[in-house]
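Please open the structure in your viewer and keep the selection tool at hand. The tour below moves from one selection to the next and says what is found at each stop.

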Amino acid sequence: MSRPELHGTRGAVSTTHWLASASGAAMFDEGGNAFDAAVAAAFVIQVVEPHLNGPAGDVPILVHDGRRGTVDVICGQGPMPAGATVEHFRGLGLRAVPGAGLLAACVPGAFGAWLTLLRDHGRLPLATVLAPAVHYAREGFPLLPKAAAMIEVMAPLFRAEWPESGAAYLRPDGSAPRAGELLRNPALAATYERLLAEAATARGGREAGIEAALRGFYEGFVAEAIDRYAPRTAVLDATGHRNQGVLSGADLAGWRPPVEAPVAREYRGHLVHKPGPWSQGPVFLQQLALLEGAGLDTVRFGSADHLHTVVEAAKLAFADREAWYGDPAFTDVPLEGLLDAGYAAERRALIGREASAELRPGSPAGRPPRLPDLAGDPDVRRGHGWRDQLADGIPAVVLLSQAKGDTCCVTASDREGNMVAATPSGGWLKSSPVVPGLGFPLGTRGQMAWLDPGHPNALAPGKRPRTTLSPSLVLRDGAPYLAFGTPGGDQQDQWTLNAFLAHVDFGLGPQEAVEARTFHTDHVPSSFTPRTFRPGTLVAERGFDAAVLAELRARGHEVREVEAWSLGKVCMSGARADGGVLAAASPRGRQAYAVVR
């Protein structure tokens with residue numbers, strides 16, 4: 001291992017940025033719990049990773065409350081606006097929802113979800129947990145190399161077309177800041193401070209203050225600023241033209257984050273919880289169902305049998321994602337059938353010795369699958385210029401990152417049995433202009449919906465686009481055990497699965513598991529525009545035995561090696577059997593860190 005596994009007695013935080021982890025852990029010193037720590041860390045993440053998330057983005061939050069012994073999902077995936085219809089987009093001559101601009105904006109979900117967690121489960125006041133984020137926004141933070149690279153590529157667009165983004169991310173002379181340079185966002189600091197001022201004037205104590213901040217965002221000055229801008233301003237977007245958005249203040253006013261039951265499945269004594277099929281979360285559980293009884297406990301870790309079996313299971317599970325997943329409030333997702341042991345056995349029988357190059361969704365309960373029309377999604381020319389980057393919906397500079405579809409992760413645990421796992425994303429600086437006066441852009445998650453009315457993930461007003469965001473929370477013997485997640489878009493539920501299996505099936509400790517060499521397949525279409533995919537691929541970090549890779553090629557896999565330590569940034573925190581806490585963080589990217597108290 002390159003890092004120690006951390007153990008403590010009070011609380012643990014593991015996130016994708018060291019400043020967020022340190023800020024979250026500081027909440028334990030204020031008398032806070034894991035929920036307070038997670039919220040503090042999350043708001044710092046919004047400031048210090050602006051290339052990957054923001055207040056107007058999205059987040060699913062898995063919550064284990066130690067007092068109640070319950071697991072809940074706080075859904076921070078906002079729905080599409082009332083004006084987001086297939087007819088509207090088709091009327092603009094579009095075959096797909098653009099991955100950048102204002103048209104793909106959903107109702108901002110992240111801010112509301114984090115405040116819901118704080119209100120219902122935390123115990124510190126909003127001012128305390130927001131203080132670190134306000135400090136870094138006002139005083140500055142060292143810019144990450146990937147953020148600097150993204151700003152440099154997008155700078156011509158910011159100067160010419162998105163001036164508010166230029167004001168937020170460029171130097172006063174219009175040049176791009178360097179990696180490591182202190183970047184300040186006074187407009188974002190002012191937004192946070194104004195929301196805190198509204199909370200401070202509310203009568204009724206801590207919860208009333210949080211409610212006042214929620215109203216200030218969804219019904220007050222934040223919603224008003226978005227309403228003045230998004231539906232009334234035409235901005236250059238991924239289409240190459242200037243388009244207005246459809247998100248309005250009324251869309252924000254009518255929404256609050258729902259709290260839902262998770263989807264869960266047992267695997268070798270571990271009860272794994274995931275968000276519902278409005279996320280890709282159940283695909284993790286489908287992979288577990290396929291792998292149960294597949295003999296992983298009889299093969300060598302890192303062997304050809306290990307990689308082949310896991311990748312072939314992923315191909316089947318993700319094919320079902322493409323055919324069946326969507327917002328269950330709008331479409332009948334056969335989740336019980338997809339997770340049924342008999343269905344898994346039928347699907348497991350499709351895993352042979354040779355690699356499959358087919359996209360093979362199943363038919364739970366005999367229902368025919370419905371794949372989207374991939375031919376309807378436009379091709380995007382790959383390059384380094386801002387126009388090429390704008391046309392690609394992933395939150396990473398295309399061709400500069402192996403881990404496409406990047407995002408963030410926040411996990412926290414404490415000695416009271418509380419655990420949080422969340423993967424905040426959306427509202428990143430590359431894909432949408434900063435809203436005047438607020439210091440942050442809107443999200444573009446709507447790009448994940450299809451302009452195909454018959455598909456489960458079809459675009460519709462009030463409907464959540466099926467997101468890639470997918471944290472995990474695990475109980476063992478009924479007690480809290482692990483909370484984890486990773487950046488990685490479509491690959492999240494492959495890289496976290498690999499780490500989980502390394503721990504449960506192959507006996508690696510949490511830190512060993514998050515550091516272990518990893519792999520995935522790009523067999524299934526990306527959820528981001530332009531929906532690229534490579535059937536039959538197996539992407540592996542360098543370091544696997546050459547004989548293993550040769551055997552995989554002989555079985556028909558299109559093996560592609562990428563740089564070592566380049567795939568994902570798995571973060572874990574959890575509980576020890578003796579009442580203590582633990583934390584682990586991947587060294588990949590040199591920014592994820594764990595802190596314990």
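Which residues does glycine 427 touch, not counting residues up to four places away in sequence? Before selecting them, bear in mind that this is a predicted model.

**Stop 1: glycine 427**

Select glycine 427, which is found in the loop between β13 (419-422) and β14 (472-476), and then show what surrounds it. Leaving out residues up to four places away in sequence, glycine 427 touches Pro50, Asn53, Gly54 and Gly57, and also Pro441, Leu442 and Gly443. Add glycine 443 to the selection and draw a distance between the two C-alpha atoms: although glycine 427 and glycine 443 are 16 residues apart along the chain, these atoms are separated by 3.8 Å. Is glycine 427 buried or exposed? Its relative accessibility is 2%, so glycine 427 counts as buried.

**Stop 2: serine 432, in the loop between β13 and β14**

Move on to serine 432, which lies in the loop between β13 and β14 and is buried, with a relative accessible area of 0%. Which backbone oxygen lies 2.9 Å from a polar atom of the side chain of serine 432? Selecting glycine 101 gives the answer, since the oxygen in question belongs to the backbone of that residue. With neighbours within four places in sequence left aside, the contacts of serine 432 include Gly101, Leu102, Trp162 and Ser165, together with Pro441, Leu442 and Thr444. Pro441 and Leu442 can stay selected from the previous stop, where glycine 427 touches them.

**Stop 3: strand β12 and its partners**

Now select strand β12 (residues 410-414), which is mostly covered, with 5 of its 5 residues buried. If you turn the strand to look at one side and then the other, you will find Val410, Ala412 and Asp414 on one face and Thr411 and Ser413 on the other, all of them buried.

Extend the selection to strand β2 (residues 11-15), which pairs with β12 in the antiparallel sense over 5 bridges; here glycine 11 stands opposite aspartate 414. Then add β13, which is joined to β12 by 4 bridges and also runs antiparallel to it, with alanine 421 as the bridge partner of threonine 411. Between β12 and β13, which form a hairpin, there are 4 residues, and glycine 417 in this turn has a positive phi of about 85 degrees.

**Stop 4: the nonpolar cores**

Select Ile61, Trp114, Leu117 and Leu126, which touch the most other members of the largest nonpolar core, a set of 98 residues. Helix α2 (residues 34-48) gives the most to this core, with 13 residues. Centre the view on leucine 117, whose contacts beyond four places in sequence are Phe35, Ala38, Val39, Ile61, Val63, Ile74, Gly122 and Val420. A second, separate core has 51 residues, including Val474, Tyr481, Leu538 and Phe544. In soluble globular proteins, nonpolar side chains tend to be buried together.

**Stop 5: helix α13 and the residue before it**

Select serine 303, found in the loop between α12 (282-291) and α13 (304-324) and buried, with a relative accessible area of 8%. Its side chain reaches the backbone oxygen of arginine 300 at 2.7 Å. Continue into α13, where 20 of the 21 residues are buried. The expected span of this helix, at 1.5 Å a residue, is 30 Å, and its end C-alpha atoms are 30 Å apart, which agrees.

**Stop 6: the cysteines**

How many disulfides are there? The count comes to 0. Select cysteine 571, which is buried, with a relative accessible area of 0%; the closest cysteine sulfur to its own is in cysteine 409, at 4.6 Å, which is too far for a bond. For cysteine 106, which counts as buried at 3% relative accessibility, the closest cysteine sulfur is in cysteine 75, and the separation of 11 Å is again too far for a bond.

**Stop 7: the sheet β16-β17-β18**

Finish with the open sheet of 3 strands, whose order is β16-β17-β18 and whose pairing is mixed. Because β16 (519-520) and β18 (558-562) each have a single partner strand, they stand at the edges, and one side of each is left without a neighbour in the sheet. β16 runs antiparallel to strand β17 (residues 537-541), to which 2 bridges join it, and phenylalanine 519 stands opposite alanine 540 in β17.

Technical notes. Residues are numbered from 1 along each chain as its sequence is written. This is a predicted model: local features need pLDDT of at least 70, side-chain atom pairs count only at pLDDT 80 or more; totals for chains, interfaces and linings use all residues. Side-chain values use heavy atoms; hydrogens and water are left out. A nonpolar core is a set of buried Ala, Val, Leu, Ile, Met, Phe, Trp, Tyr and Cys residues joined through side-chain atoms within 4.5 Å. Buried means under 20% relative accessible area, exposed over 50%, partly exposed in between (1.4 Å probe, protein chains only). Contact means heavy atoms within 4.5 Å. A polar contact is a pair of N or O atoms within 3.5 Å; within protein, one must be able to donate a hydrogen and the other to accept it, and residues adjacent in sequence count only if both atoms are side-chain atoms. A disulfide is a pair of cysteine sulfur atoms within 2.5 Å. The expected span of a helix is 1.5 Å times one less than its number of residues. Two strands pair if DSSP finds at least two bridges between them.
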